[in-house]
Amino acid sequence: NLPKYVQIKEVGPRDGLQNEKSWIDTADKIAWINMLSESGVEEIEYSSFVNPKWIPALADAREVGQKIKRNPNVSYSALVPNVKGLDFALEAGIDRASVFMSASESHNINNINKSIADTYPVLKRVIEEAKRSGKPVTGYVSTVFDCPHEGRIAPSEVLRVCEKLFEFGVDDISLGDTIGSAVPSQVEQLLETVLHHYPQEKIIMHFHDTRGMAIANIMTSMQYGINRFDSSIGGLGGCPYAPGAAGNVATNDVLYLLHGLGIHTGINEQKIQEASLFIQGKLGKALPSKSLAYLASA
Ligand code: HMG
Ligand code: MG
């Protein structure tokens, strides 16, 4: 009873690059996103309209948004923390906005400088304004399994945040294993709770692969009917406010799994490989994806 089709959101240009120390030239980011646009992927999160003092690697979000070549079959989204970020994103061009907050109080404060309670009115306004501009909104909830400061987070706490975000009008929610710590039994527990309240098509899973558990967690999620996942090309990335956390699960590895299982994605693995090698060359270091390394050496 696995899904026949899985939708991937490529978050490499955002989650992947946000924590990189080396600056990638804007022209290279644009060329790379243009390659990704031709891979068959349906959504690309191309950058973040956050405070560039906090995330310098994505300080060129506006220029990137203005200059990428838009494929009409791709939805281009970006991270927005507040109305100021949303206004910049709308100017640069987005098809969809992604708002974000954390299920754990301390991670929320570290990440966006506010308590959970103080974050709600900010996101409510962003969501309402995005909808008024005709843009769908995804709500990210971080630290849905474990918080780097508080430890285990109860599914009921995650549900509480989801309830608020859905009440404010988000179209769907991406549940983030920010520090890549979950094992499948945690995924089962959380999905038992969340899917009791919301249909599976509203839920996206966002796994970081710090401990190599992401593929097992995706498999478990699919057994619960989830067919939307975030992944990052080559496994690039990490959250700057979650020390030691590795990148997202690699798009390359997810595609190897899904296509091997006969699950359709619409994505061309060869094009993902080429785009991985391109950004790997620009970063000057090997990316963590095992499928990427295997194919590159074959
Ligand atoms: P703040 O400092 O609390 O905001 O930042 P403020 O409203 O007090 O403003 C302070 C300064 O920031 C002002 O500038 C504002 O203009 C500026 P100043 O007057 O001092 O020169 N500012 C902005 N500039 C540009 N764009 C903006 C913007 N907003 C304010 N949008 C804020 C609050 C949220 C903006 C800040 O804390 C921030 O940018 N944090 C970055 C958070 C971030 O990007 N984290 C990583 C992404 S989340 C993630 O990775 C998790 C996820 O992948 C899921 C998962 O894995 O779990 C999504
Ligand atoms: Mg993330």
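This is a short chat about a predicted model of a protein with a ligand.

User: Let's start broad. How many helices and strands does the protein have?
Analyst: The protein has 12 helices and 10 strands. Keep in mind that the model is predicted.

User: What is its radius of gyration, and what would a compact globule have?
Analyst: The protein has 17 Å. A compact globule of 298 residues would have a value near 19 Å, so the two agree. Along the principal axes, the C-alpha atoms fill a box of roughly 50 × 45 × 35 Å.

User: How much of the protein counts as buried?
Analyst: Of its 298 residues, 51% are buried.

User: And the contacts? What share join residues at least 24 apart?
Analyst: That share is 74%. The count covers contacts between residues at least 6 apart in sequence.

User: Now the inside. Which residues have the most contacts in the largest nonpolar core?
Analyst: Val80, Val99, Val141 and Val158 do. That core has 79 residues. There is also a second, separate core of 5 residues. Tyr241, Ala242, Ala245 and Ala246 are included in the second core.

User: Back to Val80. What is Val80 in contact with?
Analyst: Set aside the neighbours within four places in sequence. Then Val80 touches Phe49, Gly85, Leu86, Ala89, Ala97, Ser98, Val99 and Val126.

User: Gly85 is on that list. Where else does Gly85 turn up?
Analyst: At the ligand. Gly85 is one of the residues that come nearest to ligand 1. The others named are Val50, Ser142, Gly176 and Thr178. In total, 26 residues surround ligand 1.

User: Which helices and strand each supply at least two residues of that shell?
Analyst: Helix H4 (83-92), helix H5 (105-112) and strand E5 (137-142) do.

User: How does the shell divide into nonpolar, polar and charged?
Analyst: There are 12 nonpolar, 12 polar and 2 charged residues around ligand 1.

User: Switching to strands. How many residues of E2 are buried?
Analyst: Strand E2 covers residues 43-48, and 6 of its 6 residues are buried.

User: Which strands does E2 pair with?
Analyst: Strand E1 (residues 7-10) pairs with E2 in the parallel sense over 2 bridges. Strand E3 (residues 75-79) also runs parallel to E2, joined by 5 bridges.

User: Which residues stand opposite each other there?
Analyst: Lys9 stands opposite Glu43 in E2. Ile44 stands opposite Tyr76 in E3.

User: I want to look at the backbone. What is the phi of Asn113?
Analyst: About 70 degrees, so to speak on the positive side, although Asn113 is not a glycine.

User: Where does Asn113 sit, and is Asn113 buried or exposed?
Analyst: Asn113 lies in the loop between H5 and helix H6 (116-132). Asn113 counts as exposed because it has 12 C-beta neighbours inside 10 Å, and the cut-off for exposed is 12 or fewer.

User: What about the phi of Thr143?
Analyst: Thr143 has a positive phi of about 50 degrees and is not a glycine. Thr143 belongs to the loop between E5 and strand E6 (146-147).

User: Is Thr143 buried or exposed, and why?
Analyst: Thr143 is buried, because 31 C-beta neighbours lie inside 10 Å. The cut-off for buried is 20 or more.

User: Last one. Where is Glu167?
Analyst: Glu167 is in helix H7 (residues 155-168). With 11 C-beta neighbours inside 10 Å, Glu167 counts as exposed.

User: How far is Glu167 from Lys124?
Analyst: They are 43 residues apart in sequence. In space, they are 8.9 Å apart, C-alpha to C-alpha.

Notes: Residues numbered from 1 in each chain as written. Chains lettered and ligands numbered in written order. Predicted model: local features only at pLDDT ≥ 70, side-chain atom pairs only at ≥ 80, totals over all residues. Near = placed C-beta within 6 Å. Helix = DSSP H or I, 4+ residues; strand = E, 2+ residues; numbered from the N terminus. Nonpolar A, V, L, I, M, F, W, Y, C, P; charged D, E, K, R; others polar. Rg over C-alpha atoms; globule rule 2.2 N^0.38 Å. Contact = placed C-beta atoms within 7 Å. Core = buried A, V, L, I, M, F, W, Y, C linked by C-beta atoms within 7 Å. Pairing = 2+ DSSP bridges.
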